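This report is an introduction for a reader who has not met this structure before. It takes up the pockets and then the packing of helices against one another.

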Amino acid sequence: MTTTQKVAFITGAGKGIGLETAKGLGKKGVHVVLGVRKQSQGKTALDILRSEGISADLLVFDLSKTEDHQKAYHYILQKFGKLDMLINNAAVWLESTSSSSSVSNNVASLDAKILKDTFAINFFGTVSLTQTLLPLVKKSPAGRIVNVSSVRGSLSLNATPGNAVYDGKVLAYDSSKAALNMFTTHLAYALRDTQVKVNSIHPGWVRSDMGGANANLDLQQGSETSIQYALLGDDGPTGGFYFKDEVLPW
Ligand SMILES: NC(=O)c1ccc[n+]([C@@H]2O[C@H](COP(=O)([O-])OP(=O)(O)OC[C@H]3O[C@@H](n4cnc5c(N)ncnc54)[C@H](OP(=O)(O)O)[C@@H]3O)[C@@H](O)[C@H]2O)c1
């Protein structure tokens, strides 16, 4: 049976920007399915949302496991019959926890395992999940896919002196987000004659476990761009890269 309520699946929704995005969409009347790796963290997140009157479900979900992609497909198909919004939010920044390479400008010394493990989640996992769920997004009258990227994935900013990205390069994370941006352009092209819109977004520099305590935006502010592009109207853009209304350079 297909529900008339809008349904969103958010990866990495147990904390940080993902949980805040779930809250924001939930408050707009969207039913949110939280994709969370750890059951206990997911249960806590679910309790918080439900205590605020938000309609939500928990799916224990690890982006690195293709069987979990299938599990998500069957769960959403059986329970809702379609998926209105896919928020590809989960990601890792393994360079920040690596002791074997300096955090910034690590191109000459980066451990190949960090590069592979980063791509496994931020790119391969995200592409594979999106391919698996795409038939459900196409069943929505207004499907939206939000790829949570980063200005760090911008080739232009990485190549242009005079901005923070230029002087703070981290190869694995930055290149995984550049690859994600490429996925956005290819998927938007493939879907150009459908009702599905797909965009990359940058959430800003946000005070989460990944962004750290010195970031200038709180979680609520950091969730605003994901929410904006998940709720795009039929006249909204597709195949772009945005922070709020600002068009970002690829
Ligand atoms: N914070 C910033 O300043 C900033 C800036 C630009 C872009 N971003 C992007 O914003 C998004 C959210 O980041 P955040 O700042 O909220 O970071 P975060 O607090 O570290 O959250 C990352 C989320 O991804 C999940 N995740 C990691 N690996 C996973 C896997 N294999 N399967 C499922 N979930 C997995 C984490 O789950 P666990 O709790 O299980 O690890 C966590 O929920 C990311 O795409 C990030 O690249 C953030």
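## The second largest pocket

The second largest pocket encloses about 190 Å³ of space, a value that, like the others in this report, is computed from a predicted model. Its lining is made up of 14 residues, and those nearest the centre of the pocket are Asn158, Lys169, Val170, Leu171 and Asp174. Two elements, helix 5 (155–159) and helix 7, give two or more residues to this lining, and helix 7 contributes the most, with four residues. Sorted by class, the lining of the second largest pocket holds five nonpolar, six polar and three charged residues.

## The largest pocket

In the largest pocket there is about 1300 Å³ of space. This pocket is lined by 49 residues, of which Ala91, Tyr173, Ser208, Met210 and Gly211 are the closest to its centre. By class, its lining residues comprise 23 nonpolar, 19 polar and seven charged.

Helix 1, strand 2 (31–36), helix 6 (164–167) and helix 7 (171–190) each provide at least two residues of this lining. The largest share comes from helix 1, which supplies three residues.

## Helix 4 against helix 7

Helix 7, which also helps to line the largest pocket, packs with helix 4 (residues 112–138) at an angle of about 20°, and the axes of the two helices lie 8 Å apart. Because angles under 35 degrees count as roughly parallel, helix 4 is described as roughly parallel to helix 7. Their crossing is right-handed.

On the side of helix 4, the contact is formed by Ile114, Leu115, Thr118, Phe119, Asn122, Phe123, Thr126, Val127, Thr130 and Leu134, while helix 7 brings Ala172, Tyr173, Ser175, Ser176, Lys177, Ala179, Leu180, Phe183 and Leu187. Divided by class, the residues of this contact are twelve nonpolar, six polar and one charged. Tyr173, a member of the contact through helix 7, is also one of the residues closest to the centre of the largest pocket.

## Helix 3 against helix 4

Helix 4 also packs with helix 3 (residues 66–80), and here the axes come within 10 Å and cross at roughly 25°. That angle makes helix 3 roughly parallel to helix 4, and helix 3 passes helix 4 in a right-handed crossing.

From helix 3, the residues Thr66, His69, Gln70, Ala72, Tyr73, Ile76 and Leu77 meet Gly125, Ser128, Leu129, Thr132, Leu133, Pro135 and Leu136 of helix 4. The contact of helix 3 with helix 4 consists of eight nonpolar and six polar residues, with no charged residues.

## Helix 1 against helix 8

Helix 1 (residues 16–27) packs with helix 8 (residues 219–230) at an angle of about 60°, with 8 Å between their axes. An angle of this kind makes helix 1 oblique to helix 8, and the crossing of helix 1 with helix 8 is right-handed.

The residues that helix 1 brings to this contact are Gly16, Ile17, Glu20, Thr21, Gly24 and Leu25, and they meet Leu219, Gln220, Gly222, Ser223, Ser226, Ile227 and Ala230 in helix 8. By class, the contact of helix 1 with helix 8 has five nonpolar, seven polar and one charged residues. Helix 1 therefore takes part both in this oblique packing and, with three residues, in the lining of the largest pocket.

Key: Residues are numbered from 1 along each chain as its sequence is written. This is a predicted model: local features need pLDDT of at least 70, side-chain atom pairs count only at pLDDT 80 or more; totals for chains, interfaces and linings use all residues. Side-chain values use heavy atoms; hydrogens and water are left out. Axes are lines fitted to C-alpha atoms, for helices over the stretch in contact, and angles run from 0 to 180 degrees between N-to-C directions. Angles under 35 degrees count as roughly parallel, over 145 as roughly antiparallel, 65 to 115 as roughly perpendicular and the rest as oblique. A crossing is left-handed if the near helix is turned anticlockwise from the far one by less than a right angle, and right-handed if clockwise. Contact means heavy atoms within 4.5 Å. Ala, Val, Leu, Ile, Met, Phe, Trp, Tyr, Cys and Pro count as nonpolar, Asp, Glu, Lys and Arg as charged, and the others, Gly among them, as polar. On a 1 Å grid over the protein atoms alone, a cavity is a set of points where a 1.4 Å probe fits but cannot get out, and a pocket is an open set with protein on both sides within 12 Å along at least five of seven lines; lining residues have an atom within 4 Å of a point. Grid points are joined across faces, edges and corners, and a volume is the space filled by probe spheres set on the points.
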